[in-house]
Amino acid sequence: MSTNANAHLTTPTRLTGSEILWATLAGEGVTEVFGYPGGAILPAYDALRKFPIRHVLVRHEQGAAHMADGYARASGKVGVAIATSGPGATNLVTGIATAMLDSVSIVCITGNVSSKVLGTDAFQEVDITGITLPVTKHNFLVNKAEDLAPALRQAFQIARSGRPGPVLVDITKDAQQASALFDFAAAKPAPYRPHPMLRVEESGLADAAELIRNAQRPMILAGHGVIESGAMEQVRALAERAQVPVALTLLGLGGFPASHPLNLGMMGMHGEAWVNHAIQEADLLIACGMRFDDRVIGTPATYALKARKIHIEVDPAEINKNIKVDVALVGDLREVLEQLLPRISARDGSKWLRTVEESKGAVAVRDIKNLPDSGHLYAAHVMHDLWRITGGNAIVVTDVGQHQMWEAQYFHHEKPRSLITSGGLGTMGFALPAAIGAKTACPEKEVWVIAGDGGFQMTAAELSTIVQENLKINIAVINNGYLGMVRQWQEFFYEKNYEATPLVSPDFVKLADAHGIAGQAVRTRAEVDAAVAEARNHPGPYLLNFLVEKEDSVYPMIPAGSSLHEMIRRPESNPLVETAEDK
Ligand SMILES: Cc1cc2nc3c(=O)[nH]c(=O)nc-3n(C[C@H](O)[C@H](O)[C@H](O)COP(=O)(O)OP(=O)(O)OC[C@H]3O[C@@H](n4cnc5c(N)ncnc54)[C@H](O)[C@@H]3O)c2cc1C
Ligand SMILES: Cc1ncc(C[n+]2csc(CCOP(=O)(O)OP(=O)(O)O)c2C)c(N)n1
Ligand SMILES: [Mg+2]
């Protein structure tokens, strides 16, 4: 690393394109990147040693994109992934789409063949800007060294401004090798300004305030935008002042403290029954940084028909997309709420709050705490115990499937950025690499991976990355011997035709051992406490293979496309784990 690497940032200097790449990244505050080398990006790798940037070598480029994503979700900074051309670039695509669907700010850098042979089907050439056009917020093809700094600086601005999202910068090999004058300050893009049409009007604020004042049964629907905008305090102020209960989307969990008396829990397909009932009964929904995903609304035809709707959202494309609203306030959630709050006065919400509270009672009697230990190990118990033992202070990174839903129900998140999960794309294989990104961003935090036996195998190669980077990450594999969430759909909707869902897996403890990672299997609930303590106390990474009940299902469940109140409930004959109400 050169001692004067950052001098380039203040004094215009002639550098190669490769040097400009790293110097610009350093100037944008990047200290870690996740990547995998190859011919078309080799000039860039050759220059890396001169710059104060740590490179984490991944085992598959999909992992690099998920690591950048986990890094961004854990820290609020932009995550960076690097890959070579052709297969390196295409391997990034699932990770880019994952970040796109969940509005996460990452910048992906790919090398490409020299500009002279672009378009000739040259060795390892793909049109990655074409391929990623629909799954990036924006992308660039840079074929001149002098264009690099402005393109990269713009890429960072686009990734982090307004609605966050992934940006890809594809750099031809000759642009990396050529040289140009690097002037960091001059490459600064014009300041980000939302479209002037998108200003929040006084009349909109007044209408929203009036709807809130007059509502008898209001609810706040808090989503990922609460966390992305850093509007936790403002949402809390609104809820407390107007005495409005708060329901959260999967990606909103942690945006409002789980222990807060006004927190109702998660809404949607696997949300709490009382939350979905309350939404159907509400006379006002105040949607804050959430996009009325189909997993949240069931069918729009019957969604919250009694409610007027206020939508506070930074992206105008989301307004009236899935659900028609009465008042739209387009802008950054925190800024909009700061303008709205002075117009909100204290309300008495006790009658509605009592009604919602009473509807919890019916399910609370079947609380997991009160059920006998049948000798089996249930995934829900594991989540609950992990929450209890860690004091809820860990960053939990989940994969996709039943375990993801049980985590959302039974691990109670108090703080933003404490749950990292793929919601929109639902990408199996996300958890392990995203956790590597999260731990890299927040080395002082306790990080847990919670993955299914299926998804874990999709990116298990990244165990080597954990070892090479010496990261203390704890891994809980929720091993039910099935692609459990698909098996559940087969049980409910395909007459138990378990086609292609029973899953043979390696011995995960031995797999960990082969990587030099300690671990143990857990078969009964009685063993959970000691095993989790062992994992936490172990100085290095640790894997727990939880051999859980094979054919348990996640309840409640709203079948896809059904109405919110048409829930499948746990059968009376098997009342186990009905509710997350276990505080
Ligand atoms: C197996 C499975 C089951 C699922 N079941 C459920 C379920 O039961 N319940 C559930 O809720 N989800 C569920 N999901 C997740 C679901 O698919 C969606 O990903 C999720 O509901 C989206 O939440 P969101 O709208 O809060 O976040 P996002 O999709 O990230 O949307 C955030 C919104 O906030 C806006 N925004 C961003 N920044 C700002 C800002 N600064 N100011 C204002 N607005 C901003 C964005 O423009 C965007 O519209 C499930 C996923 C899987 C894989
Ligand atoms: C890459 C990818 N392929 C397929 C799916 C469809 N899918 C959703 S959940 C699931 C099963 C997950 O099984 P497992 O990882 O064992 O978790 P479990 O549901 O058993 O907890 C599948 C196949 C997906 N979400 N992602
Ligand atoms: Mg499974």
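In which sense, left-handed or right-handed, does helix α3 pass helix α18? In this predicted model, local features are reported at pLDDT of at least 70 and side-chain atom pairs count only at pLDDT 80 or more, whereas totals for chains, interfaces and linings use all residues. Residues are numbered from 1 along each chain as its sequence is written, chains are lettered from A and ligands numbered from 1 in the order in which they are written, and side-chain values use heavy atoms, with hydrogens and water left out.

The crossing of α3 past α18 is right-handed, a term that applies where the near helix is turned clockwise from the far one by less than a right angle, an anticlockwise turn being left-handed. Helices are DSSP runs of H or I with at least four residues and strands are runs of E with at least two, both numbered from the N terminus. The axes of α3 (residues 61-75) and α18 (residues 431-441) come within 6 Å and cross at roughly 45 degrees, where axes are lines fitted to C-alpha atoms, for helices over the stretch in contact, and angles run from 0 to 180 degrees between N-to-C directions. The two helices are therefore oblique to each other, the class left over when angles under 35 degrees count as roughly parallel, over 145 as roughly antiparallel and 65 to 115 as roughly perpendicular. Contact (heavy atoms within 4.5 Å) is made by G63, H66, M67, G70, Y71, A74 and S75 of α3 with P433, A434, I436, G437, A438, T440 and A441 of α18.

An open sheet of six strands, with parallel pairing, follows the order β16-β15-β17-β18-β20-β19; two strands are taken to pair if DSSP finds at least two bridges between them. At its edges stand β16 (419-420) and β19 (518-522), each with a single partner strand, so one side of each is left without a neighbour in the sheet. Strand β19 pairs with β20 (residues 542-547) in the parallel sense over five bridges, and the bridge partner of G519 in β20 is L543. Helix α17 (residues 402-410) packs on the sheet and touches β15 (395-398), β16, β17 (447-452) and β18 (473-479), its direction making about 135 degrees with that of β17. Helix α18 likewise packs on the sheet, touching β15, β16, β17 and β18, with a direction at about 170 degrees to that of β17.

Nine of the nine residues of α17 are buried (under 20% relative accessible area, computed with a 1.4 Å probe on protein chains only), so this helix is largely enclosed by the rest of the structure. Strand β18 is also largely enclosed, because seven of its seven residues are buried: I473, I475, V477 and N479 point one way, and N474, A476 and I478 the other. Six bridges join β18 to β17, which run parallel, with I478 as the partner of G452, while six bridges also join β18 to β20 in the parallel sense, with L543 as the partner of I475.

Within β20 lies N545, which counts as buried at 6% relative accessibility. The C-alpha atoms of N545 and I478 are 6.6 Å apart in space, although the two residues are 67 residues apart in sequence. Leaving aside neighbours within four places in sequence, N545 is in contact with V477, N479, F508, V509, Q520, A521 and V522.

How values were computed
Buried < 20%, exposed > 50% of the residue type's maximum accessible area, 1.4 Å probe, protein only.
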